[in-house]
Structure formats: structure tokens, C-alpha cells
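Open the model in your viewer with the sequence panel beside it, and follow the selections below in the order in which they come.

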Amino acid sequence: MVLFHVFPFFPSQCFSFSLPALALEQSPDTVIRQGQSTNLSCSKKKSSSTAMHWYRLPLGKDSRLVLVASALEAGKATIEEDLRSHFKSSEIQGDKITLLIEHAFLNDSVYLSCFLSLPPH
């Protein structure tokens, strides 16, 4: 089984641009069989944010945060090059972004979180 644990936010000391969990609504934790695909979604609530991002934290000791996908409003989503083989992301559609994981591998088991970026001041 492959586990995708979707958690609401990282502690504020990790990212200066993270917003409280109340600003986002994310998919519940998802368990699928190896080789299956799944969609995870993230919706922003009442935010002036102009960008949304998916980050992953692989399971295990000494794991580091890895950017998976980013999207700007009215722009295409970008996926990190080494993850493009089976991670896909929608552009921001209304207030929502979707992350598609195709043909999941056992080592894809991760913690995932969606973030908003605030517009520059």
C-alpha cells in the first residue's frame, strides 16, 4: 500500500509564507495500491494569494521538504523535473489546485501539504 498523508500546514518557522490551516481545505489522507493513481486537491478560502504550491516530506528520518508543484493564478502549473514522470498538477482553477499521482510506487509514500503564497507588498 502507498500512503499519502495530507497535512494542513508546516510550522511557521519552516516557511515564512505559510498561512494558517484555516486558509486551506485539503484532501483527506489517501491509501492506494502500488501502481494505482490518485488525485489530491487543495482549495483556498478567502485569500488574496496568487500562487499555490504542493510540497512533500518523504517518510523516514532526516527527510527534507521537496517542492513538487507550483502554480500562479492565470498561469500553468510547473512540476519539479525529477517528479514529472508520475506527478501532474492542474493550474489554479477558481480557488482549487489538483495534484495527480499516476502509477504510485511504494517509495512515493509521503506527507504532502499545500501552501499559498501571498502577493508581494
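Begin by selecting L99 and whatever surrounds it in this predicted model: setting aside neighbours within four places in sequence, L99 is in contact with T38, N39, L40, W54, V68, A69, F87, K88, S89 and L112. Three of those partners, W54, V68 and L112, should stay highlighted, since the next selection returns to them.

Next, show the largest nonpolar core, which has 21 residues, and in which W54, V68, L99 and L112 are the residues with the most contacts inside the core. To see where the core comes from, colour β4 (38–44), β5 (51–58), β6 (66–72), β9 (96–101) and β10 (110–117), the elements that each give two or more residues to it. Of these, β10 gives the most, with four residues. As a general background to this view, nonpolar side chains in soluble globular proteins tend to be buried together.

Now switch to a backbone view and follow β9 on both of its pairings. With β4, strand β9 pairs in the antiparallel sense over six bridges, and a convenient place to check this is S41, whose bridge partner in β9 is T98. With β8 (residues 87–89), strand β9 again pairs in the antiparallel sense, here over three bridges, and S89 stands opposite L99. The link between β8 and β9 is also worth selecting, as the two strands form a hairpin with six residues between them, and G94 in the turn has a positive phi of about 70 degrees.

Then zoom out to the whole chain. What kinds of element does the protein contain, and how many? There are 10 strands and zero helices. Of the 121 residues, 42% count as buried, while the accessible surface comes to about 7000 Å², with 54% of that area belonging to carbon and sulfur atoms. Among contacts with a separation of 6 or more, 57% are between residues 24 or more positions apart, as you may appreciate by tracing the sequence numbers around any one selection.

Finally, colour the chain by pLDDT before relying on any detail. The average for the protein is 75, and 74% of the residues score at least 70. Over residues 9–22, however, the pLDDT is below 50, although this stretch has 24 contacts in the model beyond near neighbours in sequence. Among the elements, strand β1 (residues 2–6) has the lowest mean pLDDT, at 63, and strand β7 (residues 78–79) has the highest, at 91.

Terms used. Residues numbered from 1 in each chain as written. Predicted model: local features only at pLDDT ≥ 70, side-chain atom pairs only at ≥ 80, totals over all residues. Heavy atoms only, no water. pLDDT = per-residue confidence, 0-100. Contact = heavy atoms within 4.5 Å. Core = buried A, V, L, I, M, F, W, Y, C linked by side-chain atoms within 4.5 Å. Buried < 20%, exposed > 50% of the residue type's maximum accessible area, 1.4 Å probe, protein only. Pairing = 2+ DSSP bridges. Areas by Shrake-Rupley, 256 points an atom, 1.4 Å probe, with all protein chains shown as cover.
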